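Trainee: I would be grateful for a close look at a single part of this structure, described together with its surroundings.

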Amino acid sequence: MDILIFDMDGVLLEAQGYHRALQRTVQLIGEYLSLSNIKLSQEQIHTFESIGISSEWHSSALCMTFLKIQLVSGVTAPTLDLRELFTLIQNQPLELPALERGINAVRLLCKNRGIDPKEVVSSLTDCENINQSLTMQWFQELVLGSEAYQSFYEKPAQFNVQSYLRMYDQPLLSSKNAERISNWVDRNQGGVAIMTNRPSSGPTGFSGSPEAELGRDLVQLSGIPIIGYGDISWLAESTQSDAGTLVKPHATHALAAIMSSLGLDNEISMKKAVTNALQWPQEISKKLHRGSITVFEDTAAGIISARNAVDGLRKAGIDVEFRAVGIAKDGTKKAALETLGAQVFPDINTALSSHEDF
């Protein structure tokens, strides 16, 4: 069986909503810290993504932490010159969870500045806790809109805004190719899934934020399964582990997407993803054996996740081909993807036209 695994932001759609919400969140950070002219550029956003920091929960908190470090260090006019931080993050092993890489880099930065990391690191370690993190609260209200944020999180709105995702996200996948992807499963006995770090609703009964589903509907792939952050969070709760250790670049995320592409529901897919492949039912192994897995990604984490998943399958005696397809126009992101062996294309439609069986 031939399987296609798609990232969402930067691949299927242009995440203008997320990027604009991130930039506005950084402006709010500056205002909160009584700093003027604090702005995050589009180039800096691309750099965050190229070094494996693809979650805006992480990147916004890293910006706040960086500014706090400057203030504690006695810098009289703090700026958002992130080059030193970027270098320290880039030097961390890509196989580590993204948040762990960021925390390690911040601790090194504090060491370089001669300050105690305990004074500044809390805004980063708590960045995925809606009850503790200001940056997450601001960002989530912007992306969902004030009304949906108040309803979903049962927290008072701080602004009066419409959803940035609905206002600004733009599809990158053409309508024609969306139809071809939907038809490809039946025509070629192949599988398709979306693997994203976007928050998702998760399995029935799990109250995840449906941001991944909004993106899927925007690009007209409503029938395609998603393994998003909500699904991984459900798995983390079920296995008493940390969601950050299960999402890409960890192999579990890609394995769950592979299982869902076979038609298994998300709960079963995720349970299989944390089970040794040698213990899988024979029909699953037969479907995968001598097939191929192609991942379409704009950041390193997804490629590493899929590559590690394929390595695990091969160790279990399941012979599969692997192809990494990078989507990037920015030179920094393109170089990072090529370093991982990806064939890079400027957009998803061009990339799909290069796939022999599509």
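Which residues of helix α13 are buried?

Mentor: Please bear in mind throughout that the model is a predicted one. The buried residues of α13 are A251, T252, H253, A254, L255, A256, A257, I258, M259, S260 and S261. Since 11 of the 11 residues of α13 are buried, the helix is largely enclosed by the rest of the structure. The cut-off behind this statement is a relative accessible area under 20%. Just beyond the helix, G263 adopts a positive phi of about 100 degrees.

Two neighbours of α13 deserve attention, namely a helix and a sheet.

The helix is α16, which spans residues 300-315, while α13 itself covers residues 251-261. Their axes come within 7 Å and cross at roughly 75 degrees. Angles of 65 to 115 degrees count as roughly perpendicular, and α13 and α16 are therefore roughly perpendicular to each other. On the α13 side, the contact involves A251, H253, A254, L255 and I258, and these meet S305, A306, N308, A309 and L313 of α16. Sorted by class, this contact between α13 and α16 contains 7 nonpolar and 3 polar residues, with no charged residues. A251, H253, A254, L255 and I258 thus appear both in the contact with α16 and in the list of buried residues.

The sheet is open and consists of 6 strands in the order β5-β4-β1-β6-β7-β8, with parallel pairing. Its edge strands are β5 (226-227) and β8 (343-345), each of which pairs on one side only. Helix α13 packs on this sheet and touches β1, β4, β5 and β6. The direction of α13 makes about 145 degrees with that of β4.

Of the strands that α13 touches, β1 can be followed in some detail. Strand β1 comprises residues 2-6 and is mostly covered, with 4 of its 5 residues buried. In the order of the sheet, β1 stands between β4 and β6. Towards β6 (residues 291-297), β1 is joined by 5 bridges, and the two strands run parallel. Within that pairing, I5 stands opposite V295 of β6. Towards β4 (residues 191-195), there are 4 bridges, and β1 and β4 likewise run parallel. I3 of β1 has G191 as its bridge partner in β4, and F6 stands opposite I194 in β4. When reading these positions, it is useful to recall that in a regular strand the side chains alternate between the two faces of the sheet.

For comparison, another helix pair may be examined, formed by α7 (residues 134-144) and α8 (residues 146-153). The axes of α7 and α8 come within 6 Å and cross at roughly 120 degrees. That angle makes α7 oblique to α8. The crossing of these two helices is right-handed. The residues in contact are M136, Q137, Q140, E141 and L144 of α7, together with S146, A148, Y149 and Y153 of α8. By class, the contact of α7 with α8 has 5 nonpolar, 3 polar and 1 charged residues.

A link leads from this pair to W57, which lies in helix α3 (residues 56-73). Leaving aside residues up to four places away in sequence, W57 touches C127, E128, M136, F139, Q140, P199 and Y229. Among them, M136 and Q140 also take part in the contact of α7 with α8. W57 counts as buried because its relative accessibility is 10%.

Methods: Residues are numbered from 1 along each chain as its sequence is written. This is a predicted model: local features need pLDDT of at least 70, side-chain atom pairs count only at pLDDT 80 or more; totals for chains, interfaces and linings use all residues. Side-chain values use heavy atoms; hydrogens and water are left out. Buried means under 20% relative accessible area, exposed over 50%, partly exposed in between (1.4 Å probe, protein chains only). Two strands pair if DSSP finds at least two bridges between them. Axes are lines fitted to C-alpha atoms, for helices over the stretch in contact, and angles run from 0 to 180 degrees between N-to-C directions. Angles under 35 degrees count as roughly parallel, over 145 as roughly antiparallel, 65 to 115 as roughly perpendicular and the rest as oblique. Contact means heavy atoms within 4.5 Å. Ala, Val, Leu, Ile, Met, Phe, Trp, Tyr, Cys and Pro count as nonpolar, Asp, Glu, Lys and Arg as charged, and the others, Gly among them, as polar. A crossing is left-handed if the near helix is turned anticlockwise from the far one by less than a right angle, and right-handed if clockwise.
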